[in-house]
Amino acid sequence: MTTAWTAADNVALLNVDPQDTFCPGGALGVTDGDQIIPVLNSLREHFNKVYWTQDFHPDGHISFASTHGEAEYSEKDVDYGKQMMWPEHAKQSASDGTGAQFHKDLAFKASDKIIQKGTNKDIDSYSAFLENDKKTAPRFDNGNSLAEELRTDGVDTLVITGLALDYCAGDTALDALTEKFNVIVIEDATRSITPEGRLAKIAQIVDAGGIVMTSAALQRNPQLIAA
Ligand code: VGL
Ligand code: ZN
């Protein structure tokens with residue numbers, strides 16, 4: 001059962017990388033990743049402010065095993081530390097399972113904002129706030145980082161969903177907490193690459209002061225964020 005409520009103006013929905021490439025059939029398909037899509041679509045009905053992140057890699061990206069001739073899912077030392085060697089995924093140049101397109105069933109509105117990340121050939125970016133060198137920030141077309149854009153828009157609280165929780169959605173939540181945003185992660189609106197990674201990331205998020213709850217719990221307690 002859902003009731004009619006709208007999130008307050010300081011609260012935004014942030015959907016991290018709900019892209020074909022991370023859904024079953026995609027190059028980096030997460031088990032049941034596509035099952036979050038209806039949850040995102042029903043959640044968004046309650047939000048005026050909706051932000052999306054898009055993993056958006058150039059060909060020859062540093063995170064691709066093929067770029068280095070390394071084995072997939074091995075780790076390689078790069079300038080900023082350890083880099084997981086992923087299959088080619090989220091490519092700007094493709095529109096199949098290796099492409100960067102969003103899942104086709106997602107509901108977008110003209111007022112939604114999209115920030116692309118991982119566009120730098122030499123730096124991977126799990127978090128949408130800070131790339132994996134922990135220095136460079138992904139930017140909107142207007143030059144703002146995600147934190148700058150959210151603050152400009154009067155947002156101080158984020159409801160976070162997406163793929164994968166053990167990588168991009170989780171690291172985005174952790175950086176949001178570091179940036180002093182209030183964070184609510186919607187558990188059933190996420191899926192993960194590994195179960196151990198999921199548990200570890202949830203523990204980190206809770207330790208850092210984030211809230212992790214289900215979409216059903218939010219629907220029962222809309223006063224947590226409602227106007
Ligand atoms: C992701 C691995 C590599 C993600 C992106 O969106 O979680 N994971 N690139
Ligand atoms: Zn990626």
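## Ligand 1 and its surroundings

In this predicted model, a polar backbone atom of C168 lies 3.1 Å from an oxygen atom of ligand 1. The protein covers 100% of the 260 Å² of accessible area that ligand 1 has on its own. The residues around the ligand are D17, F22, L28, D55, W86, H89, Y126, L163, A164, Y167 and C168.

Two aspartates in this set also have polar atoms close to ligand 1 in the computed distances. For D17, a polar side-chain atom is 2.8 Å from an oxygen atom of ligand 1. For D55, an N or O atom of the side chain is 3.1 Å from a nitrogen atom of ligand 1.

## The zinc site

The zinc ion (ligand 2) is coordinated at 2.1 Å by D55 through OD and by H57 and H89 through NE2. Along the chain, these donors follow the spacing D-x1-H-x31-H. The site links distant parts of the chain: D55 belongs to strand 2 (residues 50–55), while H89 lies in the loop between strand 4 (81–84) and strand 5 (113–117), 34 residues apart. Both D55 and H89 are buried, and both are also listed among the residues around ligand 1.

The geometry of the zinc site is irregular, with angles of 87 to 171° among its four donor atoms. The upper value rules out a tetrahedral assignment, because that class requires all angles to lie between 85 and 135 degrees.

## D17 and its contacts

D17 is located in the loop between strand 1 and helix 1. Its relative accessible area is 0%, and D17 is therefore classed as buried. The side chain of D17 makes a polar contact of 2.6 Å with the side chain of T53. A polar atom of the D17 side chain also lies 3.4 Å from the backbone nitrogen of D55, the residue that supplies an OD donor to the zinc ion.

## Backbone features

Most residues other than glycine have a negative phi, and most peptide bonds are trans. D17, although not a glycine, has a positive phi of about 50°. Y73 likewise has a positive phi, near 70°. Y73 is placed in the loop between helix 2 (65–68) and strand 3 (75–78) and is partly exposed, with a relative accessible area of 45%.

The peptide bond from L163 to A164 is cis, with omega near -20°. A164 lies in the loop between strand 6 and helix 4, and L163 and A164 are both among the residues around ligand 1.

## Nonpolar core and long-range pairs

In soluble globular proteins, nonpolar side chains tend to be buried together. In this model, the largest nonpolar core has 57 residues, and F47, L158, I160 and I225 have the most contacts inside it. Elements that each supply at least two residues of this core include strand 1 (11–16), helix 1 (37–44), strand 6 (157–162) and helix 5 (195–207). Helix 4 gives the most, with six residues.

Two further buried residues may be placed relative to remote positions in sequence. V155, in the loop between helix 3 and strand 6, is buried with a relative accessible area of 3%. The C-alpha atoms of V155 and A8 are 9.4 Å apart, although the two residues are 147 residues apart in sequence. M84, in strand 4, is buried with a relative accessible area of 15%. M84 and L165 are 81 residues apart along the chain, and their C-alpha atoms are separated by 16 Å.

How values were computed
Residues are numbered from 1 along each chain as its sequence is written. Chains are lettered from A and ligands numbered from 1 in the order in which they are written. This is a predicted model: local features need pLDDT of at least 70, side-chain atom pairs count only at pLDDT 80 or more; totals for chains, interfaces and linings use all residues. Side-chain values use heavy atoms; hydrogens and water are left out. Donors are N, O and S atoms within 2.8 Å of the metal (3.2 Å for Na, K and Ca); water is not among the atoms, so sites may look incomplete. Four donors count as tetrahedral if all angles lie between 85 and 135 degrees; four count as square planar and six as octahedral if opposite donors are over 155 degrees apart and all others between 65 and 115; anything else is irregular. Helices (H or I, at least four residues) and strands (E, at least two) are DSSP runs, numbered from the N terminus. Buried means under 20% relative accessible area, exposed over 50%, partly exposed in between (1.4 Å probe, protein chains only). A residue is near a molecule or strand if one of its heavy atoms lies within 4 Å of it. A polar contact is a pair of N or O atoms within 3.5 Å; within protein, one must be able to donate a hydrogen and the other to accept it, and residues adjacent in sequence count only if both atoms are side-chain atoms. Accessible areas come from the Shrake-Rupley method with a 1.4 Å probe; for residues, only the protein chains shown count as cover. A nonpolar core is a set of buried Ala, Val, Leu, Ile, Met, Phe, Trp, Tyr and Cys residues joined through side-chain atoms within 4.5 Å.
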